[in-house]
Amino acid sequence: MRDSTLFKMKNKLNFLLIQARKLDDPMIQNELECFKRIINLKSKKIKILDVTRETITPKIIKKFDVILVGGSGDYSIAKGGSFMNQTLNLMKFLYEESKPTFASCWGFQAMAKAMGGEVINDLKLAELGTIKLTLTKEGKNDPIFKNLSNSFFCQMGHEDIVIKKPINSTILASSKKIKIEAFCFNNKPIYCTQFHPELALEDLKYRMQTYPNYVKKILGISQKEFLETRCFEAKETENLLNQFIQIYF
């Protein structure tokens, strides 16, 4: 599909970005801008709703063509909270309705938990920076992931870990430390990645400059060392969302 045709097609769709962020989190707007830029969307085509302070009903979900579920600055699926009931119910609804959905990071963990997977919080398994993943056999044959190299780099930042995959799902990629880094649901237009395909290198750097304590907590190194030695380009994964949209629309 030509770039101009793809641009027009994408901007006929309505996107909902589901977040879990505190009101003062600067990543509310930054995450929106990252998704908008990576998919090449006009601003009015993507709306934000937050599960921690807004009610998101099935009626609302049905108004949108594509659901994006993003990351979280302060909320943990493993630790839970008052947001959990709505979050898990929403994920189950997306699955039951076969709603085209791409969930990254916190969204990946939320979807796994909702559909029978297991999520734990473990700093020993936490990953931060540009991480190398390897495609599984199934990933190599997946219509979206098969366009990646067998081993590829991605932007990552998490301490919650999915240790048991959800029902009716296929693992697409793993790292040296973690078996489940990406999965899709069989016969459903739903993909979930622990990594952030919406982030470019400069986005990752900006986030960690905004949250310097996170680098120390996860890696035990200075922000300067992190920026110089743990952050690289991950161009391959930056096209995953567009491939997802092309496949399903």
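# Exercises on a predicted model

In this predicted model, nine strands form an open sheet in the order β2-β1-β3-β4-β11-β10-β9-β6-β7, and their pairing is mixed.

## Exercise 1: the edges of the sheet

Determine which strands stand at the edges of the sheet, and what this leaves on one side of each.

Solution. Begin with the strand order, which opens with β2 and closes with β7. Next, count partners: β2 (46–50) and β7 (151–158) each have a single partner strand, so one side of each is left without a neighbour in the sheet. Finally, consider the twist, for neighbouring strands of this sheet are turned by 25° against each other on average, when direction is ignored.

## Exercise 2: strand β9 and its partners

Describe how β9 pairs with β6 and with β10, and decide whether β9 is largely enclosed or not.

Solution. On one side, strand β6 (residues 127–135) is joined to β9 by two bridges and runs antiparallel to it; here Thr 134 stands opposite Ser 174 of β9. With β10, the pairing of β9 is again in the antiparallel sense and extends over four bridges, with Ile 171 opposite Phe 183 of β10. As for burial, six of the six residues of β9 (residues 169–174) are buried, so this strand is largely enclosed by the rest of the structure.

## Exercise 3: strand β4 and what packs on the sheet

Establish in which sense β4 and β11 run, and which helix packs on the sheet and touches both of them.

Solution. Strand β4 (residues 101–104) and β11 run parallel and are joined by four bridges, and within this pair Ala 103 has Cys 192 of β11 as its bridge partner. Helix α10 (residues 240–248) packs on the sheet, where it touches β1, β3, β4 and β11, and its direction makes about 160° with that of β4. The loop between β4 and α5 contains Cys 105, whose phi is near 55°, a positive value in a residue other than glycine. Cys 105 counts as buried, because its relative accessibility is 7% and the cut-off for burial is under 20%.

## Exercise 4: two helices in contact

Work out how α2 and α7 are oriented to each other, and which residues meet between them.

Solution. The axes of α2 (residues 27–39) and α7 (residues 201–210) come within 12 Å and cross at roughly 175°. Angles over 145 degrees count as roughly antiparallel, and α2 and α7 are therefore roughly antiparallel to each other. At the contact, Met 27, Asn 30, Glu 31, Cys 34 and Arg 37 of α2 meet Asp 203, Tyr 206, Arg 207 and Thr 210 of α7; by class, this contact has three nonpolar, two polar and four charged residues. In the loop between α2 and β2 lies Asn 40, which has a positive phi near 65° although it is not glycine, and which is partly exposed, with a relative accessible area of 41%.

## Exercise 5: the largest nonpolar core

Find which element gives the largest share of the largest nonpolar core, and whether Thr 87 is buried or exposed.

Solution. The largest nonpolar core has 35 residues, and those with the most contacts inside it are Ile 18, Ile 61 and Met 111. Its largest share, seven residues, comes from α4. Another core, of 33 residues, lies apart from it and includes Phe 15, Leu 41, Leu 241 and Phe 244. Turning to Thr 87, this residue is found in helix α4 (residues 84–96) and is buried, with a relative accessible area of 0%. Leaving aside residues up to four places away in sequence, Thr 87 touches Val 51, Ile 77, Trp 106 and Ala 110.

How values were computed: Residues numbered from 1 in each chain as written. Predicted model: local features only at pLDDT ≥ 70, side-chain atom pairs only at ≥ 80, totals over all residues. Heavy atoms only, no water. Buried < 20%, exposed > 50% of the residue type's maximum accessible area, 1.4 Å probe, protein only. Contact = heavy atoms within 4.5 Å. Axes fitted to C-alpha atoms, helices over the stretch in contact; angles between N-to-C directions. Parallel < 35°, antiparallel > 145°, perpendicular 65-115°, else oblique. Nonpolar A, V, L, I, M, F, W, Y, C, P; charged D, E, K, R; others polar. Core = buried A, V, L, I, M, F, W, Y, C linked by side-chain atoms within 4.5 Å. Pairing = 2+ DSSP bridges.
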